[in-house]
Amino acid sequence: MPLTVSDLPLPRMNVAGAKQRLDLAGLPFVFFADDTTGRGNVLYHRYDGRYGLISPSG
């Protein structure tokens, strides 16, 4: 599977905004910068139909 790197800046949003983007785009995950902390997060669709969030500790 080829790796694709985007030149676009990382979108800044909260989890609710990421969920909306994930649902609208139909993608398996969304990588975004939290608008409060500026740190990277990943919101993804789980196999059971729910959502999972990977966020940095601390």
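In which sense, parallel or antiparallel, do strand 1 and strand 2 pair? The points below take up this matter and then turn to the hairpin and the largest pocket.

1. The model under discussion is predicted. In it, strand 1 (residues 12-13) runs parallel to its partner, strand 2 (residues 29-34), and 2 bridges join the pair. Within this pairing, arginine 12 has alanine 33 of strand 2 opposite it. Between the two strands the chain passes through helix 1 (residues 15-25), and the resulting β-α-β crossover is right-handed.

2. Strand 2 also pairs with strand 3 (residues 40-45), here in the antiparallel sense and over 5 bridges. One position in this pairing may be located by its residues: valine 30 has leucine 43 in strand 3 as its bridge partner.

3. The connection between strand 2 and strand 3 deserves attention. These strands form a hairpin, with 5 residues between them. Glycine 38 lies in the turn and has a positive phi of about 80°.

4. The largest pocket has a volume of about 540 Å³. Its lining consists of 15 residues, and those nearest the centre of the pocket are Thr4, Ser6, Leu27, Phe29 and Phe31.

5. Which elements contribute to this lining? Helix 1 and strand 2 each provide at least two residues. The largest share, 3 residues, is that of strand 2, the strand that also pairs with strand 1 and with strand 3.

6. As to the chemical character of the lining of the largest pocket, 12 of its residues are nonpolar, 2 are polar and 1 is charged.

Conventions
Residues are numbered from 1 along each chain as its sequence is written. This is a predicted model: local features need pLDDT of at least 70, side-chain atom pairs count only at pLDDT 80 or more; totals for chains, interfaces and linings use all residues. Side-chain values use heavy atoms; hydrogens and water are left out. Two strands pair if DSSP finds at least two bridges between them. Helices (H or I, at least four residues) and strands (E, at least two) are DSSP runs, numbered from the N terminus. A crossover is right-handed if, with the strands pointing away from the viewer, the path from the first strand over the helix to the second runs clockwise. On a 1 Å grid over the protein atoms alone, a cavity is a set of points where a 1.4 Å probe fits but cannot get out, and a pocket is an open set with protein on both sides within 12 Å along at least five of seven lines; lining residues have an atom within 4 Å of a point. Grid points are joined across faces, edges and corners, and a volume is the space filled by probe spheres set on the points. Ala, Val, Leu, Ile, Met, Phe, Trp, Tyr, Cys and Pro count as nonpolar, Asp, Glu, Lys and Arg as charged, and the others, Gly among them, as polar.
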